[in-house]
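These are my notes on a structure that I looked up. I began with the strands and then turned to the place where the chains touch.

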Amino acid sequence: MARQEIQVELLLSRRVYALNGRVIGRLEEVQTELRGGACFVTEYHVGAYALVERLAAWPIGRALLKLFGGTRRGGGYRVPWDKLDLRDPARPRLRCEVGALKPIEEED
Amino acid sequence: MNLARDCLDKQLLDRHGRKMGRVDGLVMELEEGAQPRITFVEVGAVTQAARLHPRLGRFVAALARRWGRAPNDPYRIPWAQVVPTGDDVTVGVEAEATPALAWERWLRAHVVGRIPGA
Amino acid sequence: MKKVFELALGIVTSVGGFLEIGSITTAAQAGALFGYQLVWAIMLGGLCVIFLVEQAGRLAASSRRTIPDAIRERFGFEYYAVLLVVMALVMLLVLGAELGGICIALEFVTGIGYRWWAVPVALVMWLIIWKGTFSFIEQGVSALGLVTVCFIVAAFILHPDWARVAAGALPTLPTHERARYWFIAVSILGASITPYLMFFYSSGAIEDKWDESYLGVNRIIATVGMSFGSVISIAVLVVAALVFLPRGIRMEHYQELARLLTDAFGVWGVRLVAASVGIACLGAALEITLEMAYMIAQGFGWNWSKNQRPIAEARFSLTYTIVVILGALVVVTGIDPLKLTVFSMALTAATLPLAIVPFLFLMNDEHYVGEHGNGWLSNTVVVVIIGLAFVLAVVTIPLEIFGGG
């Protein structure tokens, strides 16, 4: 499999799809760890939004939705790096069941 | 470190603390089965334009090829030289030597520098 | 104690931001048509601005970032680009109105039509920015801005019934020309609560290298500085009520402004009006020009600071130069300055939420303000202002049709 280069800034805010093709949320953060001078991706944070879901395409929209209770089931999911299929960066897909994902604790 | 919160869009400072733009983009290298790595910080108008709309990105890239003051690809800084501090992102380069300040240098020499009192 | 001399930032922000062509003309119109009835609108505008400016200073001092810096970092380049384009367009129109104000002032004392002054005024303003440091501009405009105290002096000379002036602090319903009353009230608020005022204050705080130790002083400066502007505006209203109202002068043409201080100061009246309007508008024009350049430079991460030589920041210098040229062009086109002022204020009010909503999030985000985040009072005031801005935006259009000039 060839090496792929992905622009992280274009990945953020994209809808993330479950195995069955349904949208589970938007990719809102990429957590990394610094090891030996290199930066490795550890997990992706996918925020689950309802109400005016289109707003969640923008960080300010997500902030507004969080404020007005437009988030679903506790805020979102943590997706380990190996459980997200990025071969098509425009359509990130889960590689596992949604139920297997840990939730993001509401912080901030 | 969280990329969106701590790295993207943060102020870039060179090794002397001089401002040289912002982190406009981050390049992730993906290999099947291997843990993804962030390989470059990307700076420049083409990267910015692409964030607004892919067509705008291509348009600005075309402009850069015609009028560019620097190598035409977006300026990339290898991760080995990057130190995110939480507040901003310091890179171990000399701003003056990089394409990030290409327009600054050109304007200084040809326009601003020629006006008395600069 | 030295920090209190930083009061200059508060005064210059006030003189340029609060006291400028929009607030002067709306205060004069308010006095000319409704006597002291609209004093409450000026006070309300002033109070809102005190809260916004204090928060802007607190954000800058705690996060060591200006508001544009923080908005891009927190909400991304995509949002920032939209905000920048919208604000740049609106600010350009307001700049045109302010440069127009300086030109009108020069017309008052020389008789030469305002359009002829556009290019020389723009050139002088450009030179001030080019050669002057931020401190020089800040302190210079503050010092010169004190000339506007002549309105307070005039108000005392003309002996108003102060009890009735005080009564104007409470909102009352108009007995005549209702649509006009509310239009002017809305215009007064639209003229005072401007995003560029807060952004400029935060840029100035960073230019002056504020840190957490400035938080207390920031409160004093925001309060005193913005109150200064409010008090002068109220004085303008009072004088207009005493001079224009009895004569039936309705302040519908900018030339009428020249006669405002003649009763109080005789021959010097016109010169004092010209000096006050000219300096206030110069302050505003400098503030807007700098803030447009700051927003662009900060958003893109360039070197910026008025305390450096132009050659050290070529892109920033080129940016403000282009802004000055575009502003002058707006005046040269000959749009009636009064109409442009009114229109640009309505647009400012309409676009205010784009800047204030992200600002509100920042003021509650510990990554930026740490433990100095907003309490319930500050948050409530900002939410009310956002609501007010929507109302202003929606209501201004019909009011302009039915009640406006």
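I took two strands as paired if DSSP finds at least two bridges between them. The model I examined is predicted.

Entry one: pairing within chain B. I looked up strand E1 (residues 11-13) of chain B and found that two bridges join it to strand E7 (residues 89-91) of chain B, the two strands running parallel. I noted B:Leu12 opposite B:Val89 in E7(B).

Entry two: the sheet. I traced an open sheet of four strands in chain B, in the order E2-E1-E7-E6, and recorded its pairing as mixed. Which strands stand at the edges? They are strand E2 (19-22) and strand E6 (82-84) of chain B; each has a single partner strand, so one side of each is left without a neighbour in the sheet. For neighbouring strands of this sheet I noted an average turn of 30° against each other, direction ignored.

Entry three: contacts between the chains. I recorded 23 residues of chain A in contact with 22 residues of chain B. On the side of chain A that touches chain B, at least two residues each are supplied by strand E1 (4-7), helix H1 (8-11), strand E3 (23-35) and strand E4 (38-49) of chain A. E3(A) gives the largest share of that side, six residues. By residue class, I entered 13 nonpolar, five polar and five charged residues for this side of chain A.

Entry four: pairing across the chains. I found two bridges joining E4(A) to strand E4 (residues 37-43) of chain B, and these strands run antiparallel. I noted that A:Cys39 stands opposite B:Ile38 in E4(B).

Note on methods:
Residues are numbered from 1 along each chain as its sequence is written. Chains are lettered from A and ligands numbered from 1 in the order in which they are written. This is a predicted model: local features need pLDDT of at least 70, side-chain atom pairs count only at pLDDT 80 or more; totals for chains, interfaces and linings use all residues. Axes are lines fitted to C-alpha atoms, for helices over the stretch in contact, and angles run from 0 to 180 degrees between N-to-C directions. Two residues are in contact if their C-beta atoms, placed from the backbone, lie within 7 Å. Ala, Val, Leu, Ile, Met, Phe, Trp, Tyr, Cys and Pro count as nonpolar, Asp, Glu, Lys and Arg as charged, and the others, Gly among them, as polar.
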